[in-house]
Amino acid sequence: MGKGKPLVSIIVPTYNERENLPILVERISKALNGKYSYEIIVVDDNSPDKTWEVALELASKGYPVRLLRRPGKLGLGTAVLDGLKKASGEYIVVMDADLQHPPEVLPKLVEKALSENADIVVASRYMPGGGVEGWSFIRKLVSKTATLIAKIVLPQARKTSDPMSGFFLFRKDIVENVSLNPLGYKILLEILVKARYRRVVDVPYVFHRRLHGESKLGVKEIWRYIKHVLRLSEYRPLKFAVVGASGVLVNEGVLFLGLTLGLGKALSGLLSIEASIISNFILNDIWTFRSRRKGSMLWRLIKYHFSVALGAVIMYSVYFTLAVILGFNPYISMLIGIVLGFIANYLLSEIIVWR
Ligand code: GDD
Ligand code: MN
C-alpha cells in the first residue's frame with residue numbers, strides 16, 4: 001500500500017471467519033487488481049478462531065489488508081461504522097467475509113458508480129439476474145417480508161430493489177457529518193434514510209451459500225430490525241395508527257350524535273366520515289408527519305381529502321350497503337368500512353400528502 005489513497009475501501013466485518021478470509025482476499029485481488037486501487041479493512045471482534053491473526057498474515061504477504069481489532073463481539077452494525085472511520089477511499093464497499101457476496105461483483109459496483117455517477121450502488125438479489133442460492137422457503141419469506149416492510153414504511157427504501165442488502169457501495173462523502181445509528185446491522189437502510197445523495201443504482205448478484213462456518217445473525221436480529229425500521233421512520237406508522245384509532249372514536253361518536261338527532265343513517269354516516277377525516281388530518285399534520293410539513297395547511301388538507309377519497313368511498317359504500325340497504329347495526333357496519341378503508345389511506349397519505 002502506501003502509495004496515496006485507494007479509490008475503494010472494502011469494509012469486511014468478521015467474526016470467526018479464518019477459513020474464509022484468505023479465499024475472500026485472494027478473490028478480491030483477482031477481481032480488482034489492475035482495475036481499481038483498493039484497501040480491505042477487516043473489522044474483527046477478537047474472534048475466538050483468531051481471524052485477526054489471518055488478517056495480519058495476509059497483510060504481511062503484501063495484500064492491501066488493514067486490520068481493526070476490537071475487544072469483543074460488538075455487532076455487525078458498529079463494525080461497519082468503526083471500519084468507516086478508518087477508511088481512506090473515495091468509495092466504501094461493505095461486504096461479508098463468508099463469500100456469500102461474490103467478490104467478482106466488486107468491479108461492477110465501481111464501474112456503475114463511475115460511469116453513472118451514482119452515489120450508492122446496491123448489489124441486489126431482487127432484480128433480473130440476481131437471486132439467492134439454497135434458501136429455505138421460510139428464509140425467503142422472512143427476507144421478502146422485511147424488504148416489503150422497509151419499502152412501505154420508509155420511502156427512501158424504494159430507491160433500490162434490495163434495501164436489505166448487506167453488499168453495497170457508496171461515496172464516502174455522502175455520510176460525512178451524518179450521524180449513523182448502529183442499532184441494526186442494516187447499515188444500507190440507515191444510509192438510504194439519512195445520507196445526502198442523489199443517485200442510487202442496482203447491480204444484480206446471486207447470494208451464495210456460506211463457504212465455511214455459520215451465520216451469526218439469529219432471530220433476535222428480526223426484533224432489532226423492526227425497532228430499527230420504526231426508529232428510522234420516526235415512529236410514523238405507530239403514530240398514524242394511534243391517530244387512526246382516535247378517528248374511529250370521532251367517527252362512531254358523530255354517528256351516534258347524528259342518529260340521536262334523527263338525521264338518518266345515510267346522512268349521519270356521511271357526516272361522521274367527514275368529521276373523522278378532518279380530525280385525523282389535524283392530528284397527523286401536527287404530530288405524525290410534523291417533520292415533513294411543507295407549504296400551507298389548507299393545501300395539505302385539500303390533498304389529504306384526495307388521498308383518503310378512495311378509502312372514504314370504500315368506507316361509505318360498505319357502511320351504506322350494510323347499514324342502510326341490509327339494515328345491520330350501523331356502528332358495526334361503520335367499523336367494517338373503516339377497517340377496509342384504512343390500508344388504502346395510509347399508503348396514499350405517504351405517497352401524496354407527506355411525501
Ligand atoms: N466484527 C463483527 N462483529 N463481524 C460480525 C459480527 C460481529 O458481531 N456478526 C457478524 N459478523 C460478520 C460475519 O463474520 C460475516 O462476515 C458478516 O458479518 C455477515 O454475518 P453473517 O452471520 O454471515 O450474516 P448473514 O449471512 O446471516 O446475513 C448477511 O446477509 C444478509 C442478507 O440476507 C448480512 O450481510 C446481512 O447484512 C444481510 O442483510
Ligand atoms: Mn453470511
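These legends go with a set of close-up views of a predicted model.

**View 1. The manganese ion and its two protein donors.**
Start with the metal: the manganese ion, ligand 2, takes its protein donors from Asp 98 (OD) and Gln 100 (OE1), which lie 1.9 to 2.0 Å from it. Are these two donor residues buried or exposed? Asp 98 has a relative accessible area of 3%, so it counts as buried. Gln 100 comes out at 11% relative accessibility, so it is buried as well.

**View 2. Ligand 1 and the residues around it.**
Ligand 1 has 27 residues around it, and the ones that come nearest are Glu 17, Asp 45, Asp 96, Lys 186 and Lys 216. Look for the polar atoms here. On the nitrogen side of things, a polar side-chain atom of Asp 45 sits 2.7 Å from a nitrogen atom of ligand 1. Asp 96 brings a polar side-chain atom to 2.7 Å from an oxygen atom of the ligand, and Arg 210 places one 2.8 Å from an oxygen atom of ligand 1. How much of the ligand does the protein cover? On its own, ligand 1 has 740 Å² of accessible area, and the protein covers 97% of that. Two elements, strand S1 (8-14) and helix H3 (76-86), give two or more residues each to the shell around ligand 1.

**View 3. Arg 210 and what its side chain reaches.**
Arg 210 belongs to the loop between strand S9 (206-207) and helix H7 (220-232). Its relative accessible area is 19%, and the cut-off for buried is under 20%, so Arg 210 counts as buried. The side chain of Arg 210 makes a polar contact with the side chain of Glu 17 at 2.9 Å. It also reaches a backbone atom, the oxygen of His 212, at 2.8 Å. Leaving out residues up to four places away in sequence, Arg 210 touches Glu 17, Asn 20, Asp 98, Gln 100, Ser 215 and Lys 216. Two of those names, Asp 98 and Gln 100, are the protein donors of the manganese ion.

**View 4. Lys 216, in the loop with Arg 210.**
Lys 216 is also found in the loop between S9 and H7. Is Lys 216 buried or partly exposed? Its relative accessible area is 26%, so it counts as partly exposed. The chain brings Lys 216 and Tyr 15 together here: their C-alpha atoms are separated by 8.0 Å, although the two residues are 201 apart along the chain. Setting aside residues up to four places away in sequence, Lys 216 touches Tyr 15, Asn 16, Glu 17, Lys 73 and Arg 210.

**View 5. The largest nonpolar core, with Met 95.**
This core has 40 residues, and those with the most contacts inside it are Ile 10, Ile 28, Ile 40, Met 95, Leu 106, Leu 109 and Phe 167. Which helix gives the most to it? That is helix H1 (residues 20-32), with 5 residues. Apart from this core lies another one, of 25 residues, including Leu 180, Ile 191, Leu 192 and Ala 195. Zoom in on Met 95 and there is plenty to label: among the residues it touches beyond four places in sequence are Ile 10, Leu 24, Ile 28, Leu 106 and Phe 167. Met 95 also touches Pro 13, His 101, Pro 102 and Gly 166.

**View 6. Helix H6 and its packing partners.**
Helix H6 (residues 187-194) is mostly covered, with 7 of its 8 residues buried. Those buried residues are Ile 187, Leu 188, Leu 189, Glu 190, Ile 191, Leu 192 and Val 193. They pack against H3, strand S5 (120-124), helix H5 (137-153), strand S7 (168-171), strand S8 (200-204) and H7.

**View 7. Ser 124 in strand S5.**
Ser 124 is found in strand S5, and at 0% relative accessibility it counts as buried. A polar atom of its side chain lies 3.0 Å from the backbone nitrogen of Tyr 126. Neighbours within four places in sequence aside, Ser 124 is in contact with residues including Gly 130, Ser 161, Asp 162 and Asp 202.

**View 8. Two positive phi values between H7 and H8.**
Glu 234 is found in the loop between H7 and helix H8 (236-260), and its phi is near 55°, a positive value in a residue other than glycine. Tyr 235 is in the loop between H7 and H8 too, with a positive phi of about 60° although it is not a glycine. Glu 234 is partly exposed, at 41% relative accessibility, and Tyr 235 is partly exposed at 38%.

Note on methods:
Residues are numbered from 1 along each chain as its sequence is written. Chains are lettered from A and ligands numbered from 1 in the order in which they are written. This is a predicted model: local features need pLDDT of at least 70, side-chain atom pairs count only at pLDDT 80 or more; totals for chains, interfaces and linings use all residues. Side-chain values use heavy atoms; hydrogens and water are left out. A nonpolar core is a set of buried Ala, Val, Leu, Ile, Met, Phe, Trp, Tyr and Cys residues joined through side-chain atoms within 4.5 Å. Buried means under 20% relative accessible area, exposed over 50%, partly exposed in between (1.4 Å probe, protein chains only). Helices (H or I, at least four residues) and strands (E, at least two) are DSSP runs, numbered from the N terminus. Contact means heavy atoms within 4.5 Å. A polar contact is a pair of N or O atoms within 3.5 Å; within protein, one must be able to donate a hydrogen and the other to accept it, and residues adjacent in sequence count only if both atoms are side-chain atoms. Donors are N, O and S atoms within 2.8 Å of the metal (3.2 Å for Na, K and Ca); water is not among the atoms, so sites may look incomplete. A residue is near a molecule or strand if one of its heavy atoms lies within 4 Å of it. Accessible areas come from the Shrake-Rupley method with a 1.4 Å probe; for residues, only the protein chains shown count as cover.
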